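This report describes strand pairing, turns and surface features, with the structure displayed below for reference.

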Amino acid sequence: GLTGKLMVTAGNENSRGTGQLINASVAYTSGPLSATAVVGGVRQGAAMITTTASPEWMRSWMVGAKYDFGVAKVFAGAYQFTGPQNFANLSSVATLGAPGASTQAYTWDKNRILWLGASVPMGPGVLLAQVARETFPYAGTSDGAATILGLAYDYYLSKRTVVYASYGQVTNNGRA
């Protein structure tokens, strides 16, 4: 029931080691329980930092689990990404608000997500529901936060065909 995985990449293949990635995970499954834990790190990509900057390791972790009660499956998890600490090294592409900035630009220190969900068989389909809370802690100021709600129904026409209806809602504060 235990599985481990490791992923390593060469990144941008330059003398600064930008874009390198290492990721390790372990998963456990036994009966109605499945759980996974992942840790990883990626060095800032060449386009994210100035040409003379030393790339920082940005780290992430995630834990998640599912338990099958028979009448319903319950899912829960947590994720955290720790971004760069030295914002002075960011290129204009990675600096929020700068001309030509990427949509991936950010100024928060960490990104955290907690979620809880369930799937319940109903008739010939499955009802799915999820709620998540995402935060963006900033140094020296108020945090960004978002609440994410999701509801869906999957109706199985055959083994390979599903018709579904879904509803999602995201509520952000001004810093998310």
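## Pairing of β1 with β2

In this predicted model, strands β1 and β2 (residues 21-30) run antiparallel and are joined by eight bridges. Two of the partnerships can be named: Thr9 has Leu21 in β2 as its bridge partner, and Met7 is partnered in β2 by Asn23.

The loop between β1 and β2 contains Glu13. The phi angle of Glu13 is positive, near 50°, in a residue other than glycine. Glu13 counts as exposed because its relative accessibility is 67%, and the threshold for that class is over 50%.

## The hairpin of β2 and β3

Strand β2 continues the antiparallel arrangement with strand β3 (residues 33-43), and ten bridges connect the two. Within this pairing, Ala35 in β3 is the bridge partner of Tyr28. The two strands form a hairpin with two residues between them, and in its turn Gly31 adopts a positive phi of about 60°.

## The sheet as a whole

These pairings belong to an open sheet of nine strands, ordered β1-β2-β3-β4-β5-β6-β7-β8-β9, with antiparallel pairing. Its edges are formed by β1 (2-9) and β9 (162-172), each of which pairs on one side only. From one strand to the next, the twist averages 10°. In a regular strand, side chains alternate between the two faces of the sheet.

## Strands β6, β7 and β8

Eleven bridges link strand β6 (residues 110-122) to β7 in the antiparallel sense. One of the partnerships places Ile113 with Glu134 in β7. The strands β6 and β7 make a hairpin with two residues between them, where Gly123 has a positive phi near 60°.

On to β8 (residues 144-156): this strand runs antiparallel to β7, and twelve bridges join the two. Ala132 stands opposite Ile148 in β8. Gly125 is placed in strand β7 (residues 125-136). At a relative accessible area of 4%, Gly125 is buried, since the buried class covers values under 20%. The C-alpha atom of Gly125 is separated by 4.3 Å from that of Tyr155, although the two residues are 30 residues apart along the chain.

## The aromatic pair

How many aromatic pairs does a search of the whole structure find? The search returns one. The pair consists of Tyr67 and Phe69, whose ring centres are 4.7 Å apart and whose planes stand at 55°. The pair is therefore classed as tilted, because planes under 30 degrees apart would count as stacked and those over 60 as edge-to-face.

The two partners fall into separate accessibility classes. Tyr67, at 36% relative accessibility, counts as partly exposed, whereas Phe69 is exposed with a relative accessible area of 55%. The division follows from the cut-offs, because exposed means over 50% and partly exposed lies between that value and 20%.

## The nonpolar surface patch

Tyr67 and Phe69 also contribute to a nonpolar surface patch of about 700 Å². The patch is made by Leu2, Val26, Tyr28, Leu33, Tyr67, Phe69 and Val71. Among these members, Tyr28 has already appeared as the bridge partner of Ala35.

Val71 is located in the loop between β4 (57-68) and β5 (73-82). Is Val71 buried or exposed? With a relative accessible area of 66%, Val71 is exposed.

Key. Residues are numbered from 1 along each chain as its sequence is written. This is a predicted model: local features need pLDDT of at least 70, side-chain atom pairs count only at pLDDT 80 or more; totals for chains, interfaces and linings use all residues. Side-chain values use heavy atoms; hydrogens and water are left out. Two strands pair if DSSP finds at least two bridges between them. Helices (H or I, at least four residues) and strands (E, at least two) are DSSP runs, numbered from the N terminus. Axes are lines fitted to C-alpha atoms, for helices over the stretch in contact, and angles run from 0 to 180 degrees between N-to-C directions. Rings of Phe, Tyr and Trp (its six-membered ring) pair if their centres lie within 6.5 Å; planes under 30 degrees apart count as stacked, over 60 as edge-to-face and the rest as tilted. Buried means under 20% relative accessible area, exposed over 50%, partly exposed in between (1.4 Å probe, protein chains only). Patches are made of residues with over 30% relative accessible area and no salt bridge: like charges are joined within 9 Å, nonpolar side chains (Val, Leu, Ile, Met, Phe, Trp, Tyr) within 5 Å. Accessible areas come from the Shrake-Rupley method with a 1.4 Å probe; for residues, only the protein chains shown count as cover. A salt bridge is a side-chain nitrogen of Lys or Arg within 4 Å of a carboxyl oxygen of Asp or Glu.
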